[in-house]
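Visitor: Could you take me through one part of this model up close? I'd like to look at a spot where the two chains meet.

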Amino acid sequence: MSMWTAVLAASALAFALKFLGYVVPTQWLEGRRTSRVTSALPIALLSALVAVQTLTGAGGALVVDARLAAVAVALVALALRAPFLLVVGLAAGTAALLRSLGWG
Amino acid sequence: MTALDPARRRAVLRQAVSVGVATGAYGISFGALSTAAGLDVLQTQALSVLLFSGGSQFAFVGLVAGGMSGAPAAIATSTLLGVRNGLYGLQVARMLDVRGLRRVAAAHLTIDESTAVGVGQPEERAGRLGFWATGLAVFVLWNLMTLAGALVGDSIGDPKTYGLDAAAAAAFCGLLWPRLKSGDAFAIAALAALIAVLLAPHAPAGVPVLVAAFTALVAAVWPSAHRDPTPPHHWTDEDEATKADPDHRGTPRGEAR
């Protein structure tokens with residue numbers, strides 16, 4: 001397989017999956033329960049993604065490092081109603097500071 | 001549906017641009033990593049333009065770095081990581097309600113970031129604006145920065161030095177925060193996070209997050225979801241909302257349009 005074949009195959013499959021979500025007949029998702037599940041889906045997926053991004057390292061092993069500290073700072077800032085950009089800035093600053101001190 | 005007031009509009013656009021900038025910074029490391037893995041500049045750029053899904057792209061170049069014998073695994077892992085975009089599409093499609101070429105464009109822009117900004121907004125109009133603005137901001141910046149990274153290589157350094165990986169996770173938290181104030185959404189989010197982390201050491205990349213998605217089924221049986229008026233979340237059925245909220249304080253962005 002050439003590199004171009006692989007690049008184009010992966011791209012075509014990625015788009016096909018994205019498009020699939022848009023062509024599911026709307027009547028399949030019309031019921032009240034189904035509709036609540038589909039609107040909860042992004043919440044479940046994004047929350048799981050944040051957890052994996054924050055807590056796992058190579059091979060999926062549990063790793064506690066600067067990322068967890070940074071996200072904890074972000075959550076405290078959110079609870080204190082800090083604006084969005086400040087939350088993101090505080091998290092980046094926390095991780096950068098801890099790493100410059102040699103941790104995580 | 002009432003028009004979005006200018007202050008809300010600015011707030012949504014500010015979120016979109018900041019998410020675009022944070023993601024774009026990662027584009028540099030993708031470009032650098034991709035050329036180091038043996039792809040040329042055009043192939044690297046093709047991935048950012050055509051595949052356009054960060055997690056899949058990083059996995060792809062990581063697996064072909066050892067030679068083309070890794071190509072089938074690269075395609076498979078990239079595709080597995082892309083399944084969640086299809087699941088996002090189920091909800092985003094209903095929010096946008098687009099047809100034809102716009103639907104093709106919307107599907108292509110359906111990624112973690114655009115979905116998070118879109119579904120994190122309490123009003124449907126802000127959700128649409130957030131989705132499109134974030135999708136376009138990330139697309140433009142991700143591609144420009146991919147090119148920069150592919151051309152200059154690793155000299156800019158690791159984005160982790162600047163804490164950008166943590167910034168991305170914090171941004172997703174901030175985007176979802178308004179939605180998490182309802183008990184059912186919070187329970188789903190917490191359960192999904194726990195399942196994904198527990199599964200991560202035992203399953204291939206992409207699978208833990210997909211398994212965790214099954215926690216969304218909790219929403220089907222959670223009895224009190226529609227009794228929580230703030231924030232107005234969009235799984236409220238209009239009849240139920242009227243019963244639970246006779247003053248119409250919360251404006252449900254109901255599916256029963």
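Guide: Sure, and one definition before we zoom in: an axis here is a line fitted to C-alpha atoms, for helices over the stretch in contact, and angles run from 0 to 180 degrees between N-to-C directions. Keep in mind that this is a predicted model. With that in hand, take helix H2 (residues 32-55) of chain A and helix H8 (residues 164-176) of chain B: their axes come within 9 Å and cross at roughly 155°. Angles over 145 degrees count as roughly antiparallel, so that's how H2(A) and H8(B) run relative to each other. The crossing of H2(A) past H8(B) is left-handed. On the H2(A) side, the residues making the contact are A:Ile43, A:Leu46, A:Ser47, A:Leu49, A:Val50, A:Gln53 and A:Thr54, and H8(B) answers with B:Ala168, B:Ala169, B:Phe172, B:Cys173 and B:Leu176. Sort them by class and you get nine nonpolar and three polar residues, with no charged ones.

What about the stretch around H8(B)? The unreviewed UniProt entry annotates several spans of chain B as "transmembrane region", among them residues 162-178. In the model, residues 162-178 of chain B are 76% helix and 0% strand, with end C-alpha atoms 27 Å apart.

Now zoom back out to the whole interface: 83 residues of chain B are in contact with 65 residues of chain A. On chain B's side, the largest share, 17 residues, comes from helix H4 (residues 71-96) of chain B. By class, that side of chain B has 53 nonpolar, 20 polar and 10 charged residues.

Technical notes
Residues numbered from 1 in each chain as written. Chains lettered and ligands numbered in written order. Predicted model: local features only at pLDDT ≥ 70, side-chain atom pairs only at ≥ 80, totals over all residues. Contact = placed C-beta atoms within 7 Å. Helix = DSSP H or I, 4+ residues; strand = E, 2+ residues; numbered from the N terminus. Nonpolar A, V, L, I, M, F, W, Y, C, P; charged D, E, K, R; others polar. Parallel < 35°, antiparallel > 145°, perpendicular 65-115°, else oblique. Left-handed = near helix turned anticlockwise from the far one by under 90°. UniProt positions renumbered as here; feature names shortened; annotations may be inferred.
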